[in-house]
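Trainee: I'm new to this one and would like to learn how the descriptions are earned. Could you walk me through it?

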Amino acid sequence: MKRKGLSIKPISFQSSLKTAEGPGAKCPGGLPEMDPEIWSRLPEEVLEHILSFLPLKTVMNLRSTLSGAAPSTLLSSSNGLFCFSIPNLSSFLVCNLLAKSSRIIEFPSYPFGFELLTLVSTSFGYKIFMICTQSSCNQAFIYDSRTHSWQNFDRFDPILSANYYQEGVYFKGSLYFTTSEPFSVVCFDLENGVWERLETNLPSDLTFVRLVSDGEEKLCMVGGIGRNGISRNMKLWELDDERNWIEVESLPELMCRKFMSVSYHNYEHVYCFWHQNTICVCCYTWPEILYYKVSRRTWHWLPRCPSLPEKWSCGFRWFSFVPELYALA
C-alpha cells in the first residue's frame, strides 16, 4: 500500500500459535485463523480504527522506530506524531510510530533553551512552535515540515502563563495561550506570524486558567473560581462566535474537592488537552485523570493505571495519541 510517497507493508493478523493447515483451519481456542490475505486489504479508515484500540506499548512493539537512540524526552503529540527532545544531539525527533517514519531536526541555534513547545500536525504537514528562553533572545521559533526550515518571530510582550506542562492550543490556524495574572488570552497566527490579544472579558474571580480545543470547532476554557488563590469551584466555558465566554458546565462539588486536594492548590501542576471529544484535566502529581465527555456533558475520573506501583515518586505527563498511518515525519 502506498500513500503520499510512503510504502507500508500489509499488517498480518495471523496468530503466532501453530494451527492446522487448510481452509477453515482453527486455532487451539476453537476460533478460525485470521487469513492475512483478507485482513491486509482492510480499508485504511477501518484499519486505523482497529489500531486506535491498541495500547501504546503494543503499537511501539509493532513498529519500532528508535533503535539504540540517545536519551530523549517526549514533549508533544499531534495526530499520530510525537515530538521528542534529544539534548545530547541538540535536536528534536519527530516520528510516527506506526508508519516507521522519523526525522531529526537540529535546534535553531546553540545553545538553545525553550518552553511552550507545541507540535501541530495537519493534512498539509506539521509545525513545531516554541519560545526561546535565552536571556539574549526574545523570539518565537517555528519549524515548518513543508520547507524543512526554521523561522523566528517576535514574542508576545506580556509574560505568557509559566506552566511547564501546558502546551499552546491549536484552533483555526492559530495557537492560543493565557497570560499570567491579570489573566488574558492571546493567539499566534502560525501562517503569518502575528500575535493578537483577544478583546474579551474573562469570568471574574479566576484562580487559574487553561485552554483546550478540538482544533476547528470548539475553543474551551477550564478555570478555577475562588478568592486569594484558593479555588472553591471549577468551571468550563466555550468561546462563541462573538468572542464571549459562555459557561457550559460546573464540576460537581465532590469531584471538585478531590481535584483541589490532590493538586494541593498548586495550579502550576494542572494542564489540559483534548482527546477524541473528551476534555482531559490532569495534575502532574496525581495518577488519575479528570475528564469531561463533551457529547454527554458529564464528568468522570479515569482510574489509576493498574501497572503503576502503590507508591510512586514520579510525576505524570499525559498525551493524546490517535493513530494516523499517513502522517509523515
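Mentor: Happily! Let's begin with residue classes: Ala, Val, Leu, Ile, Met, Phe, Trp, Tyr, Cys and Pro count as nonpolar, Asp, Glu, Lys and Arg as charged, and the others, Gly among them, as polar. Please keep in mind that this is a predicted model.

Trainee: How many residues of each class are in the lining of the second largest pocket?

Mentor: Sorted that way, the lining has 15 nonpolar, 14 polar and four charged residues. The lining comprises 33 residues, and S77, S78, Y170, S213 and W274 lie nearest the centre of the pocket. The volume of this pocket is about 730 Å³.

Trainee: Which strand gives the most to the lining of the second largest pocket?

Mentor: That is β7, with five residues. At least two lining residues come from each of β3 (73–78), β7 (114–122), β11 (169–171), β15 and β19.

Trainee: Let's turn to Y165 and Y284. What makes their aromatic pair stacked?

Mentor: Two values decide that. The ring centres are 4.3 Å apart, and the planes make an angle of 15°. Rings pair if their centres lie within 6.5 Å, and planes under 30 degrees apart count as stacked, so both tests are met. Y165 belongs to the loop between β10 (149–154) and β11, and Y284 to the loop between β20 and β21, so the pair ties together parts that are 119 residues apart in sequence.

Trainee: Why is Y165 called buried?

Mentor: Its relative accessibility is 14%. Buried means under 20%, so Y165 qualifies. Y284 comes to 25%, which lies between 20% and 50%, so Y284 is called partly exposed.

Trainee: And what kind of aromatic pair do F171 and Y176 form?

Mentor: An edge-to-face one, with 5.9 Å centre to centre and 65° between the planes. An angle over 60 degrees counts as edge-to-face, so 65° earns that name. F171 and Y176 are both buried. The count of aromatic pairs comes to 26, and ring pairs also join F92, F107, F112, F114, Y126, F141, Y143 and W150 into a cluster.

Trainee: Which residues touch the most other members of the largest nonpolar core?

Mentor: M234, F259, I279, V281, L290 and W299 do, in a core of 22 residues. Several elements give two or more residues to this core, including β17 (230–239), α4 (253–263) and β20 (278–283). The largest share, four residues, is from α4. In general, nonpolar side chains tend to be buried together in soluble globular proteins.

Trainee: Leaving out residues up to four places away in sequence, what does F259 touch?

Mentor: F259 touches M234, V270, V281, C282, L290 and W301. Apart from this core lies another, of 19 residues, with L75, L81, A327 and A329 among them.

Trainee: Where does Y292 lie, and how do you know that Y292 is buried?

Mentor: Y292 is in strand β21. At 2% relative accessibility, Y292 is under the 20% limit, so it counts as buried. Outside its neighbours within four places in sequence, Y292 contacts several residues, including L236, V248, T278 and W299. From Y292 to T278 is 14 residues in sequence and 5.6 Å in space, C-alpha to C-alpha.

Trainee: Is N228 buried or exposed?

Mentor: Its relative accessible area is 79%, and exposed means over 50%, so N228 is exposed. N228 sits in the loop between β16 and β17.

Trainee: What is the phi of N228?

Mentor: About 55°, a positive value although N228 is not a glycine. Most residues other than glycine have a negative phi, so a positive one catches the eye. H148 also has a positive phi, near 50°, and H148 is in the loop between β9 (139–144) and β10.

Trainee: Where is there a cis peptide bond, and what is its omega?

Mentor: One joins Y110 and P111, with omega about -10°. P111 is in the loop between β6 (101–106) and β7. The bond from E181 to P182 is cis too, with omega near -5°, and P182 is in the loop between β12 (174–178) and β13 (185–189).

Trainee: To finish, how many helices and strands does the chain have?

Mentor: Four helices and 22 strands. Of the 329 residues in the chain, 43% are buried.

Notes
Residues numbered from 1 in each chain as written. Predicted model: local features only at pLDDT ≥ 70, side-chain atom pairs only at ≥ 80, totals over all residues. Heavy atoms only, no water. Core = buried A, V, L, I, M, F, W, Y, C linked by side-chain atoms within 4.5 Å. Buried < 20%, exposed > 50% of the residue type's maximum accessible area, 1.4 Å probe, protein only. Contact = heavy atoms within 4.5 Å. 1 Å grid on protein atoms, 1.4 Å probe; cavity = no way out; pocket = protein on both sides within 12 Å on 5 of 7 lines; lining within 4 Å. Points joined across faces, edges and corners; volume = space filled by probe spheres on them. Phe/Tyr/Trp six-rings, centres within 6.5 Å; stacked < 30°, edge-to-face > 60°.
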